[in-house]
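Biologist: I have a structure to go through, mainly for its charge pairs and contacts. Can you take a few questions on it?

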2 protein chains.
Amino acid sequence: MADRSTAPSAPSAPSPAPRSRSWWGWGTTAEALPDAECIALGQLVPGAADTPRPVPGVRDLALPDVRVAPPAALAPLMSCDPGERASHTYGKAYRDVVRALDGDLAAAPDQVVRPRTEQDVVDVLDWAADADVAVVPYGGGSSVVGGVEYRAGRHRGVVSLDLSALDRVLRIDRASRAARIQAGALGPGLEAQLRPHGLTLRHFPQSFEYSTLGGWLATRAGGHYATLHTHIDDLVESLRVVTPVGVNESLRLPGSGAGPSPDRFFLGSEGTLGVITEAWMRLQDRPRHKASATVLFDDVHTAMDAVRAVARSGLHPANCRLLDPGEAALAGVGRGGASVLVLGVESAHVPVGGRLAELLTLARDHGGTPVPSRPGAPDDDAGRWRSAFLRMPYLRDALARMSVITETFETSCTWDRAAELYEAVRTRLGEAVTEVTGTAGTVNCRFTHVYPDGPAPYFTVVAPGRRGDEVAMWDEIKAASLEILHDHGASVTHHHAVGRDHRPGYDRQRPEPFALALRAAKQALDPAGILNPGVLIDPPDAR
Amino acid sequence: MADRSTAPSAPSAPSPAPRSRSWWGWGTTAEALPDAECIALGQLVPGAADTPRPVPGVRDLALPDVRVAPPAALAPLMSCDPGERASHTYGKAYRDVVRALDGDLAAAPDQVVRPRTEQDVVDVLDWAADADVAVVPYGGGSSVVGGVEYRAGRHRGVVSLDLSALDRVLRIDRASRAARIQAGALGPGLEAQLRPHGLTLRHFPQSFEYSTLGGWLATRAGGHYATLHTHIDDLVESLRVVTPVGVNESLRLPGSGAGPSPDRFFLGSEGTLGVITEAWMRLQDRPRHKASATVLFDDVHTAMDAVRAVARSGLHPANCRLLDPGEAALAGVGRGGASVLVLGVESAHVPVGGRLAELLTLARDHGGTPVPSRPGAPDDDAGRWRSAFLRMPYLRDALARMSVITETFETSCTWDRAAELYEAVRTRLGEAVTEVTGTAGTVNCRFTHVYPDGPAPYFTVVAPGRRGDEVAMWDEIKAASLEILHDHGASVTHHHAVGRDHRPGYDRQRPEPFALALRAAKQALDPAGILNPGVLIDPPDAR
C-alpha cells in the first residue's frame with residue numbers, strides 16, 4: 001500500500017469515555033433494560049416467563065481451567081482474567097446470550113490476547129501454530145452466527161485474538177478519497193477519526209457501535225446503503241491480512257482485472273484464512289443534503305413490486321427498507337395492517353429533493369401512499385424506525401431474560417422467488433414455531449437491502465420459550481429456517497455471515513468444487529489448522 | 001440455478017450470414033485493409049516499411065505434426081484441419097499477428113474441439129486428464145495477452161476447446177431481469193437473442209463482435225459502462241463452471257455474504273480452474289434516452305481533475321472517456337493540442353438531458369469547454385470516436401503488416417498517483433521506445449473507465465519496427481511498460497487480463513499468500529494440470 005498520502009493531523013485518536021461493556025449481552029450494562037422493563041416487555045408476549053432470568057455475576061461464573069500459559073514474549077498481551085474470558089466466549093446470537101445467562105461457559109478461551117501491532121499478530125500466530133492453540137479472531141464480538149465461539153475441541157488450547165487495540169486511521173489520501181485504517185477500529189471511533197477531514201466511510205450496520213472494520217470485512221457486512229453498494233466489499237481498495245504463512249498485501253487499486261481478486265477471496269473468510277489487520281477503504285464526502293419519507297401500501301406484494309421498481313430506477317436511494325405489516329407494528333411505524341417503505345436519499349454535492357420526489361412518484365405509481373417526513377415530529381416514521389432499529393438488540397436481550405425466543409435471519413433471492421419465499425417463511429416457519437413452542441408466535445419481515453434482480457429479506461421470529469429449553473428450541477427453529485431457505489434457493493445469509501450456526505445450510509449452498517478449492521487454500525495458508533476452526537469449513541483432521 | 005423463468009420465444013437463435021473470419025488477424029477477411037490502404041497507413045508513421053508483409057495462405061503453412069488423435073466418442077467434435085489449427089494457435093495480440101504472418105505456428109493445437117453440450121465439455125476434460133492433453137479454453141479468440149496460446153511444452157498434446165457452439169440464451173427471467181446464457185455466445189448473437197425481449201446485457205468491449213460471454217467472465221472484461229459497474233463481474237448472478245473434479249454451480253443470488261464469493265473466485269481465472277459454460281447475467285432494459293457531448297481541455301491535468309469530479313458526482317455517466325491530445329488527434333476528434341472528454345448518459349426510464357447538463361456544468365467548473373454533440377453532423381466527436389474505436393483493431397493489423405509496432409496496455413491506479421503515472425509512462429516508455437526502435441514513436445493515453453478513487457488509463461504505443469525483429473522489439477517495450485506499472489503500484493491490467501504475456505508483472509503484483517492459495521486450489525480442481533497451463537500460475541511439475 002503506497003503511502004503517498006497525508007497522515008491525519010494529531011490528535012487523531014478519539015478518547016471516548018470508557019463505558020462498561022456487558023459480558024453477556026449487547027452493548028453496555030447501562031443501556032440494558034432493568035428487570036422491571038424486562039417484565040413489562042415480557043407481558044407483551046403471551047406465554048413469556050413472569051420473571052427475568054437473573055444475570056450472573058462475572059466473578060461467580062464457573063470457567064474451565066486455563067490450559068495454556070502465554071510464552072514470556074507475549075505475556076504482556078495476554079489475559080486470563082475471568083471477565084475477559086467470559087466476555088470473549090460467545091458472540092451475541094440469541095443462543096449465546098441465553099447460554100451466558102445460564103453460566104454455561106465451557107467454551108471459554110484460555111487466554112484473551114490483545115495485539116498492539118501487526119507484528120504482535122504475526123507472533124501470536126507463530127506461537128499458536130507451534131503450540132497447537134486455536135486462534136479465534138475477535139473484533140467487536142457482535143457475531144450472531146457463532147463466528148467467535150470455539151467449538152472444535154481438538155486443540156491444546158484456545159486464544160481469543162481481540163484486535164480492538166489496532167484502532168487507528170493511519171493515513172488519509174484526500175486525492176483518492178480513501179483511508180488506511182486498522183481493522184480493530186469500532187464504528188464510532190473510525191468515524192470520529194474521519195470526521196475532522198470531512199470524510200466518512202458511511203458503513204452503519206445495526207451493530208455499528210460494537211463491531212469493527214475487520215469484522216465487517218471478514219463477514220462481508222451489509223451497512224448503510226440499501227441499494228447499489230450494499231456490502232462493504234465494494235468499499236475496499238486493498239487489504240492487509242496476516243496469514244500463518246506470511247502477510248498478504250494487495251495493491252491499492254480502484255479496479256482491476258488481474259486474475260481472481262485476492263481481496264474478494266479474503267472478504268468473507270471469517271478469520272479462517274488469515275487475520276485482517278488493515279484496509280485501504282473508499283470513503284465518501286459527508287452528505288450535506290438528506291431527505292427521507294415513508295410510503296404506505298395496503299398490500300405487501302404491491303409494496304414488493306414498488307420496491308423492485310425503485311431498485312431498478314437508477315435513483316439509488318441510500319435507504320429503501322420495506323417493513324411488512326407485522327414488522328411495521330413492531331417498530332411502531334405506519335398504521336395497522338399497512339406495509340411501510342422507508343426511503344432516504346442523500347448527497348454531499350447536490351440537493352436531493354428532486355430525487356426523493358421521483359422516488360415518491362414511482363412509489364405512488366405502484367400503489368403506494370407517500371407520507372411526507374417531518375423530522376422531529378411525533379409521527380416521523382423514518383426517525384422512529386431508526387431509533388427502534390438501534391434499540392432492538394437491547395430489547396432482544398430483555399426478551400431473552402424473559403425466556404422469549406427471538407431469532408433474526410436474513411437472506412437474498414431473485415425477484416422471481418421473492419413473494420413465494422416470503423409466504424413460505426411466514427407459513428412454514430410459523431408452523432415450525434407452533435410445533436416447537438406451542439404458540440404461533442410472530443414471523444415478520446423487512447427488506448433491508450434491494451437489488452435490481454432481487455431483495456434481501458430479513459425475518460424476525462418472536463415466540464415464548466420454556467425456561468431451560470430456549471437454546472434447543474432456538475436450534476430447531478434455526479434448522480427449519482435453513483431448510484426453507486434451501487428449498488427456495490435463497491442464500492443462507494445476506495450479511496450476517498456463516499460462522500458455525502449456518503454451517504449446515506452453507507455446506508449445501510456452497511458449490512462442491514469451490515469447497516475443495518477453499519479447503520486446499522486453507523491448508524496452504526493455515527497448515528496447522530489453528531485459525532477459527534469450524535467456521536465455513538471443517539477443521540483439518542487432528543494432528 | 002432455478003428455472004422459474006420463461007424460455008425465450010422461438011426462434012431464439014440468430015442466424016447471421018456466415019462471414020469469413022481471418023485466421024491471422026482481427027475480425028473478418030473482408031474488413032481487413034487491402035494492401036494499398038496498408039501502404040497509405042504506413043506512410044503516416046515515419047520509418048515504417050514500404051511494403052506490407054504478405055499474408056500466407058493457410059494451406060501453405062507448416063504446422064507441427066498432430067500428436068494426439070481423438071477418442072472415438074469425441075471424434076465428431078474434433079478437427080485437425082490446418083485452417084482450424086492455425087486460427088486457434090494464437091489470440092490477437094500484436095505479437096500473435098506478427099508471428100502468424102511469419103508462418104510461425106509451432107504452438108498450434110493438435111485438435112480443435114467444439115463441444116455441443118456441457119456434457120461434451122465434461123467428457124473432453126475427462127479424456128484430456130487421462131491422456132495428459134492440455135486444454136486451452138477458447139471463446140472468440142480475441143485475447144491480447146497470450147491467453148489462448150499453449151506454451152507449457154510438457155503435455156503429450158494440446159486441444160483448443162472452442163466453446164462457440166454453446167451460444168444460446170437458455171432462459172429469461174423477466175421478474176428478476178436476468179438471463180441464463182451459454183458461455184460461447186458472441187456479443188452480437190447474445191444481444192440479438194435478448195433484443196426481442198426489450199432487454200440487453202450492455203457489455204460492449206472493443207472486441208464485442210469477436211469475444212464471448214465466457215471469455216468476458218474468465219478475464220473480468222471491462223465493457224460499456226465507464227463508471228459504476230465497469231467490469232462484467234458486477235453483472236454476474238451465478239456461474240456454471242466445469243472443473244475436472246465436477247461442475248461448480250452457484251446459487252442465483254442478487255447479493256450474498258455467505259463466505260468468500262465462489263463466483264469471484266472463478267471470475268478472472270482465465271481458464272485455469274475450470275471452463276465456464278453458463279452464467280445467469282443481470283440485464284438492463286434497453287435505453288430509450290441517450291445524450292452525449294464532448295468537452296475540451298487545454299491541459300491534460302486539468303482534464304484529469306475534471307474527470308475525477310465527474311467520477312465522484314454520483315451522476316454515473318455511461319461513457320466518460322478522456323483522450324489526451326495525442327490520442328484525440330489519432331482518433332480525429334477535438335482540436336489540436338486539446339484533451340477531449342467524451343461524456344454519455346443513458347436511461348431506459350427517464351430523460352437524461354438534465355443529467356448531461358449537470359455533467360457539463362461540472363466539467364465547465366473544472367476548466368472544460370463543452371462542445372454540444374450533434375449526432376450525424378461531421379463534427380460529432382462522440383460518434384467519430386466510436387467509429388474509430390471499433391475500426392482500431394483492423395488498423396492495428398494493417399500497421400503490423402507495415403512492420404509498425406503497436407502496443408496497447410491498460411491499467412488502474414488511485415488518483416494520488418495518476419498524474420505521475422501518466423507522465424512516467426509518457427517519459428520512460430518514450431525513452432524505451434526510442435532505445436528499442438531508434439525513433440521516438442508516439443505514446444498516447446485515454447482513460448477508458450474511471451472510479452471515485454482512481455482512473456483506468458489505457459496507453460497506445462506506435463513506433464516503426466524492423467521487419468523480422470518486431471516481436472523481440474515488442475517484447476522489450478512490453479517489459480518496459482510492466483516495469484513502469486510496477487514502480488507506480490499500478491495494476492498489470494484493468495480489463496485485458498493476465499494471460500501469459502503479463503505474467504512477470506502479475507507475479508509481482510499478486511500477494512504471495514494468495515498465490516499459495518491459488519496454486520493449492522488449482523491442484524485441488526485440476527490435479528492433472530491440464531487447464532490452460534502457464535496462465536496466471538506455473539503449471540504443476542511434469543507428471
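**Salt bridges and contacts**

Modeller: In helix α8 (residues 300-312) of chain A, D305(A) and R308(A) are 3 residues apart, so about one helical turn separates them. This is a predicted model.

Biologist: What do D305(A) and R308(A) form, and how far apart are the closest N and O atoms?

Modeller: They form a salt bridge, with the closest N and O atoms 3.8 Å apart.

Biologist: Are the two residues buried or exposed?

Modeller: Neither. D305(A) is partly exposed because its relative accessibility is 39%, and R308(A) is partly exposed too, at 21%. The cut-off for buried is under 20%.

Biologist: How many salt bridges are there over all chains?

Modeller: A search of the whole structure gives 82. One of them joins the side chains of R53(A) and D102(A), at 2.8 Å from N to O. That pair links distant parts of the chain, 49 residues apart. R53(A) sits in the loop between α1 (35-42) and β1 (78-79) of chain A, and D102(A) in the loop between α3 (94-101) and β2 (111-113).

Biologist: Which accessibility class does each get?

Modeller: R53(A) counts as buried because its relative accessibility is 6%. D102(A) has 46% and counts as partly exposed.

Biologist: What about R264(A), what does it pair with?

Modeller: With D234(A), in a salt bridge whose closest N and O atoms are 3.1 Å apart. R264(A) is in helix α7 (residues 262-266) of chain A and D234(A) is in the loop between α6 (213-219) and β8 (236-243), so the pair ties together parts that are 30 residues apart in sequence. R264(A) has 16% relative accessibility, so it counts as buried.

Biologist: Which residues are linked in a network of salt bridges?

Modeller: D96(A), R99(A), E149(A), R151(A) and D501(A) are linked that way.

Biologist: Changing topic to the two chains. How many residues does the contact take from chain B and chain A?

Modeller: Chain B gives 78 residues and chain A gives 78. About 6100 Å² is buried between them, with carbon and sulfur atoms giving 60% of that area.

Biologist: And how many salt bridges between chain B and chain A?

Modeller: The count is 4. R282(B) and D453(A) form a salt bridge, with 2.7 Å between the closest N and O atoms. Residue pairs in polar contact between the chains number 27, both residues at pLDDT 80 or more.

Biologist: Which elements give two or more residues to chain B's side?

Modeller: Among them are β8 (236-243), α8 (300-312), α12 (415-437) and α15 (512-525) of chain B. The largest share comes from α15(B), with 9 residues. By class, the side of chain B that touches chain A has 35 nonpolar, 25 polar and 18 charged residues.

Biologist: Back inside chain A, what are the domains?

Modeller: Domain 1 (169-285) and domain 2 (289-487). Their centres, taken over C-alpha atoms, are separated by 27 Å. The contact takes 14 residues from domain 1 and 21 from domain 2.

Biologist: How much area do they bury between them?

Modeller: About 1400 Å², 47% of it on carbon and sulfur atoms. On the domain 1 side, Q206(A), A226(A) and T227(A) lose the most area to domain 2, together 47% of what that side buries.

Biologist: How many salt bridges between the two domains, and how many residue pairs in polar contact?

Modeller: There is 1 salt bridge between them. Residue pairs in polar contact number 9, both residues at pLDDT 80 or more. The side of domain 1 that touches domain 2 has 4 nonpolar, 7 polar and 3 charged residues.

Methods:
Residues are numbered from 1 along each chain as its sequence is written. Chains are lettered from A and ligands numbered from 1 in the order in which they are written. This is a predicted model: local features need pLDDT of at least 70, side-chain atom pairs count only at pLDDT 80 or more; totals for chains, interfaces and linings use all residues. Side-chain values use heavy atoms; hydrogens and water are left out. Helices (H or I, at least four residues) and strands (E, at least two) are DSSP runs, numbered from the N terminus. Buried means under 20% relative accessible area, exposed over 50%, partly exposed in between (1.4 Å probe, protein chains only). Contact means heavy atoms within 4.5 Å. Buried area is the accessible area (1.4 Å probe) that two parts lose on being put together, summed over both. A polar contact is a pair of N or O atoms within 3.5 Å; within protein, one must be able to donate a hydrogen and the other to accept it, and residues adjacent in sequence count only if both atoms are side-chain atoms. Ala, Val, Leu, Ile, Met, Phe, Trp, Tyr, Cys and Pro count as nonpolar, Asp, Glu, Lys and Arg as charged, and the others, Gly among them, as polar. Domain bounds come from an automatic or database domain assignment.
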